[in-house]
Amino acid sequence: MTENREFDLVLFGATGFVGQTTARYLAEAAPVGARIALAGRSAAKLSALRTGLGPAAAEWELVAADAGDPDALSALAGRTAVVITTVGPYQRYGLPLLAACARHGTHYADLTGESIFTRTAIDRYHDRAVATGAKIVNSCGFDSIPSDLSVYQLHQAVVADNAGALGETTLIATMKGGISGGTVDSARAMWETIAAEPAARVAITDPYSLSPDRSREPRRGGPSDHALGRAKRIAPDLDGWIGTFVMAPHNTKIVRRSNGLLGWAYGPDFRYREVLNAGAAPAAPLIAAATAGSVVAGMGAVAVLSRSRFGRRLLDRVLPAPGSGPDEAARAAGWFRTATHTRTSTGATYMATFAGQGDPGYQATAVMLAESGLCLAFDKARSPERAGVLTPATAMGDALTERLRAAGMSIEVTAGRAA
């Protein structure tokens, strides 16, 4: 039983770019007496990080463990109730730790936006995690908590109002933030996997590839993740233009997996997509078109170059390096807001908004990951009784929503009127 473990929570990858931000947040937000440890490859770097965190972290333990050492990772998983990890790309480095947690019944949360990794985790470790009681929760950052919790809260509101079931549902994202070398490296890792294992492409191209039962899903996918058009097509009162949202291909799969794990509770006509808000300025149509085109072209270029040694070397030179990202001032100046619109089977309209301050891929993501870890460690009584390879909504549900609200994020659902 994890109640007898040495630690409540271990942060693995604590000295990395997002890891340090997560550690700082935990030093401020963790309850008094929480038994927290910092883990990573270098004991010296971990010690320096702990010193910089101040008195709240002075008694935190340090655990030296390498992502490539299965024995060390197994020992780590056996000492703690919960592990949260920032060490990616997960397709390259994540499976040994996830496997150790599944074996030991240790709850686990990561930041992956890699559908191939998530599919692999489901295939290899879901049943094992169910047997041991482990909650293996992928995508606990900006990928994909705002998406997953927004649709989950819409479902809760519609059920409470006896307003039918969810139908066409679209998330519109607006944000200010940067792109990390780690994020780019994760995308590269997926395409390099596909180059070596072409069958893995299905995990990216099938919109329902993370479903617990593909036979119960539509034979063809839902709305396209690539978008270009007027926002009023989503809701008549919206202005401006929409374009392709680069995170949509993974986020939408997580939301659809939640629906399946909940017994397809969102409804038989539930269809989900995500788009980017390009604004209403005169140049907005061009911005939306450029967004749609650049996402497709960029993914295609990385896919082609990843197939050869020369191409991979070229990508090494031109793309941001892992461990890099925006500076502290830029991270603090960032923000995000998602608005998720749905029309129910009774014709009612609802909107869920999810907003937060801080660069979504760094500062806000660190808050989401840390609160996910704290939720798994301390909110067992308020969380769903479910184990296996899960999603944020199905593993933590309302308990995580309440935590994020208390952390300063806005998560609200408003009802419109019946059509």
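In the predicted model, Cys375 is buried, with a relative accessibility of 1%. The closest cysteine sulfur to that of Cys375 belongs to Cys140 and lies 9.5 Å away, which is too far for a bond; a disulfide would require the two sulfur atoms to be within 2.5 Å. The search for disulfides covered the whole structure and returned zero. Cys101 is likewise a buried residue, its relative accessible area being 0%.

Helix 14 spans residues 363-378 and contains Glu371. Glu371 counts as buried because its relative accessibility is 5%, below the 20% limit for that class. When neighbours within four places in sequence are set aside, the contacts of Glu371 are Tyr25, Ala29, Leu400, Arg403, Leu404 and Ala407. Arg403 is thus one of the residues in contact with this buried glutamate.

The largest nonpolar core comprises 99 residues. Within this core, the residues with the most contacts are Phe12, Leu38, Phe354, Met368 and Leu404. The element that gives the most to the core is helix 14, with eight residues. Met368, one of the residues with the most contacts in the core, touches Phe354 and Leu404. Further contacts of Met368, again without neighbours within four places in sequence, are Cys140, Gly141, Phe142, Ile145, Pro146, Phe336 and Met409. Leu404 is also among the contacts of Glu371.

Seven strands form an open sheet with mixed pairing, in the order 8-9-10-7-11-12-14. Strand 8 (228-230) and strand 14 (410-415) are the edge strands, each pairing on one side only. On average, and with direction ignored, neighbouring strands of the sheet are turned by 25 degrees against each other. In general, the strands of a sheet pair through backbone hydrogen bonds, in either a parallel or an antiparallel manner. Both arrangements involve strand 7 (residues 166-176): its pairing with strand 11 (residues 335-344) is antiparallel and includes nine bridges, whereas its pairing with strand 10 is parallel and includes six bridges. In the antiparallel pair, Met175 faces Phe336 of strand 11; Phe336 is also in contact with Met368. In the parallel pair, Ala173 is opposite Leu276 of strand 10.

Strand 14 is joined to strand 12 (residues 349-357) by six bridges, and the two run antiparallel. Phe354 is positioned opposite Ile411 of strand 14. Phe354 also belongs to the residues with the most contacts in the largest nonpolar core and is a contact of Met368.

Helix 7 (145-160) is preceded by a loop that starts after strand 6 (135-137) and includes Ser144. A cis peptide bond connects Asp143 to Ser144, with omega at about 5 degrees. Ser139 occupies the loop between strand 6 and helix 7 and has a positive phi, near 65 degrees, although it is a residue other than glycine. Ser139 is buried, as its relative accessible area is 0%. Several contacts of Met368 carry numbers from this part of the chain, including Cys140, Gly141, Phe142, Ile145 and Pro146.

Helix 7 has 16 residues, for which a span of 22 Å is expected at 1.5 Å a residue; the end C-alpha atoms are 22 Å apart, so the two values agree. The expected span counts one less than the number of residues. Of the 16 residues of helix 7, 13 are buried, and the helix is therefore described as mostly covered, buried meaning under 20% relative accessible area. Asn162 follows helix 7 and has a positive phi near 55 degrees.

A second cis peptide bond is present between Gly88 and Pro89, where omega is about 0 degrees. Pro89 is placed in the loop from strand 4 (82-85) to helix 4 (90-93). A positive phi, of about 55 degrees, is also found at Trp264, which is not a glycine. The loop that holds Trp264 runs between helix 10 (248-261) and strand 10 (271-279). Trp264 is classed as buried at a relative accessible area of 17%, since the limit for that class is 20%.

Terms used:
Residues numbered from 1 in each chain as written. Predicted model: local features only at pLDDT ≥ 70, side-chain atom pairs only at ≥ 80, totals over all residues. Heavy atoms only, no water. Helix = DSSP H or I, 4+ residues; strand = E, 2+ residues; numbered from the N terminus. Buried < 20%, exposed > 50% of the residue type's maximum accessible area, 1.4 Å probe, protein only. Contact = heavy atoms within 4.5 Å. Core = buried A, V, L, I, M, F, W, Y, C linked by side-chain atoms within 4.5 Å. Pairing = 2+ DSSP bridges. Axes fitted to C-alpha atoms, helices over the stretch in contact; angles between N-to-C directions.
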